[in-house]
Amino acid sequence: MILTLEWTEAGVRFIDQTKLPTEETYVTCTSYQQVADAIRTMIVRGAPAIGVAAAMGIALGTRDAAARDHASLREEFEKICQVIGATRPTAVNLFWAIERMRRKLDASQKLSVAEAKRALIEEAQRMYVEDIAANQAMGKHGATLMPSSGGVLTHCNAGALATCGYGTALGVIRAAVESGKKIHVFADETRPFLQGSRLTAWELNKDGIPTTVISDNMAGAMMSQGKIGAVVVGADRIAANGDVANKIGTYTVAVLAKEHGIPFYVAAPWSTVDLATPDGEGIPIEQRPATEVTHFAGKRVTPEGIRVENPAFDVTPHRYVAAIITERGLARAPYTESLKQLANTAVLSSQQSVLT
Ligand code: MRU
């Protein structure tokens with residue numbers, strides 16, 4: 001299995017995703033500030049991986065804090081959360097992880113400070129294990145939706161590299177392939193950061209899953225030629241009404257899929273669902289540096305001084321989404337109802353058995 005991130009006593013270890021696919025190198029962040037930088041610079045990326053990286057960063061920062069009493073540990077904890085919470089605004093998993101760590105600290109008040117620090121490390125490790133189990137459960141639910149053969153389009157990277165392992169959208173594809181379906185993946189290049197051509201292609205290639213990379217502007221042509229039977233993507237945040245924030249370009253793919261009568265699926269763990277945000281308008285969209293657009297492989301490809309927009313994500317309105325695949329099961333329109341119902345669903349027994 002691809003090792004995206006892991007907790008080690010020396011620090012949080014990441015595969016450096018900015019170097020893939022040409023270099024497979026690992027970096028160990030030995031402070032929470034370094035973890036925050038790794039998230040900001042996209043050494044680690046993808047909503048679920050960002051969430052667990054954040055939790056591990058918090059665990060690392062509190063472990064190394066000088067605090068000897070609960071009041072100063074809390075103070076240090078909040079400072080760390082502020083730094084980590086300011087890295088990337090769109091993926092709600094980051095804030096979900098911070099909140100979960102805060103609850104763990106709240107529940108550790110009767111422990112010694114050393115025990116509370118250890119409890120935070122264990123919580124981050126638990127989140128890691130849970131994420132993999134959630135992806136595998138999503139894979140089981142989603143595999144049934146995949147065509148028995150033919151092309152499936154995905155955008156960005158919602159694979160092992162975007163999670164603690166197996167992936168969300170790519171987990172669905174992996175599970176479908178494991179169940180005997182003959183799927184050929186079309187991976188959108190995903191300008192400007194190239195998560196599709198660099199990362200999705202890299203990990204599917206490693207798994208021997210047939211994959212064709214296309215530039216983003218080819219998706220419509222592939223659909224009109226009948227090469228795509230379904231689309232499956234990940235998500236960074238899903239609002240209560242089923243609107244989906246995901247990598248910039250996802251909206252275009254969803255509209256194209258609708259035009260061609262192709263089902264458009266979203267696979268995401270429950271930690272990506274944000275019932276506190278009523279619809280897509282309330283989702284903050286990260287703006288990334290202009291150089292990601294003005295430069296390609298370190299070389300300027302636009303005139304000096306030209307205006308540039310670089311929103312990292314867009315919002316796909318729920319009317320384009322055929323189903324949302326979560327570890328708790330499938331949600332279908334009307335999403336306000338189906339997501340509310342899933343919110344009350346106990347986690348799958350398979351996931352519980354991993355936890356106990
Ligand atoms: O900017 P990134 O690479 O972090 O964006 C990643 C995506 O948009 C993914 O599709 C999303 O986080 C889901 S990952 C399982």
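**Exercises on helix packing and sheet order**

Helix 4 (residues 93-106) and helix 5 pack at an angle of about 140°, their axes lying 10 Å apart. The model examined in these exercises is predicted.

**Exercise 1.** Determine which orientation class applies to helix 4 and helix 5, and describe their contact.

*Solution.* Step 1. Angles over 145 degrees count as roughly antiparallel, and those that fall in none of the named ranges count as oblique. Helix 4 and helix 5, at about 140°, are therefore oblique to each other.

Step 2. The handedness of the crossing is right-handed.

Step 3. Helix 4 contributes Trp96, Ala97, Arg100, Met101, Lys104 and Leu105, while helix 5 contributes Ala119, Leu120, Glu123, Ala124, Arg126, Met127 and Glu130. By class, this contact of helix 4 with helix 5 comprises 8 nonpolar and 5 charged residues, with no polar ones.

**Exercise 2.** Carry out the corresponding analysis for helix 2 and helix 5.

*Solution.* Step 1. Helix 2 (residues 47-63) and helix 5 (residues 113-143) pack at about 165°, with an axis separation of 8 Å. Because angles over 145 degrees count as roughly antiparallel, helix 2 is roughly antiparallel to helix 5.

Step 2. Helix 2 passes helix 5 in a left-handed crossing.

Step 3. On the side of helix 2, the contact residues are Pro48, Val52, Ala55, Met56, Ala59, Thr62 and Arg63; they meet Lys117, Leu120, Ile121, Ala124, Met127, Tyr128 and Asp131 of helix 5. The contact of helix 2 with helix 5 holds 10 nonpolar, 1 polar and 3 charged residues.

**Exercise 3.** Establish the strand order of the open sheet and locate the helices that pack on it.

*Solution.* Step 1. The sheet has 7 strands in the order 6-5-4-7-10-15-16, with mixed pairing. Its edges are strand 6 (211-214) and strand 16 (329-331), each of which pairs on one side only.

Step 2. Strand 5 and strand 6 are parallel, paired over 4 bridges, and Ala187 has Val213 of strand 6 as its bridge partner.

Step 3. Helix 5 packs on the sheet by touching strand 10 (264-267), strand 15 (323-326) and strand 16, and its direction makes about 145° with that of strand 15. Helix 11 (residues 335-343) touches strand 15 and strand 16, at about 155° to the direction of strand 16.

**Exercise 4.** Trace the pairing of strand 4 and the unit to which strand 4 belongs.

*Solution.* Step 1. Strand 4 (residues 149-154) runs parallel to strand 5 (residues 182-188), joined by 6 bridges; Leu153 is partnered with Phe186 in strand 5.

Step 2. Strand 4 also pairs in the parallel sense with strand 7 (residues 228-233) over 3 bridges, where Val152 stands opposite Ala230.

Step 3. Together with helix 6 (residues 169-178) and strand 5, strand 4 makes a right-handed β-α-β unit.

Definitions and conventions:
Residues are numbered from 1 along each chain as its sequence is written. This is a predicted model: local features need pLDDT of at least 70, side-chain atom pairs count only at pLDDT 80 or more; totals for chains, interfaces and linings use all residues. Side-chain values use heavy atoms; hydrogens and water are left out. Axes are lines fitted to C-alpha atoms, for helices over the stretch in contact, and angles run from 0 to 180 degrees between N-to-C directions. Helices (H or I, at least four residues) and strands (E, at least two) are DSSP runs, numbered from the N terminus. Angles under 35 degrees count as roughly parallel, over 145 as roughly antiparallel, 65 to 115 as roughly perpendicular and the rest as oblique. A crossing is left-handed if the near helix is turned anticlockwise from the far one by less than a right angle, and right-handed if clockwise. Contact means heavy atoms within 4.5 Å. Ala, Val, Leu, Ile, Met, Phe, Trp, Tyr, Cys and Pro count as nonpolar, Asp, Glu, Lys and Arg as charged, and the others, Gly among them, as polar. Two strands pair if DSSP finds at least two bridges between them. A crossover is right-handed if, with the strands pointing away from the viewer, the path from the first strand over the helix to the second runs clockwise.
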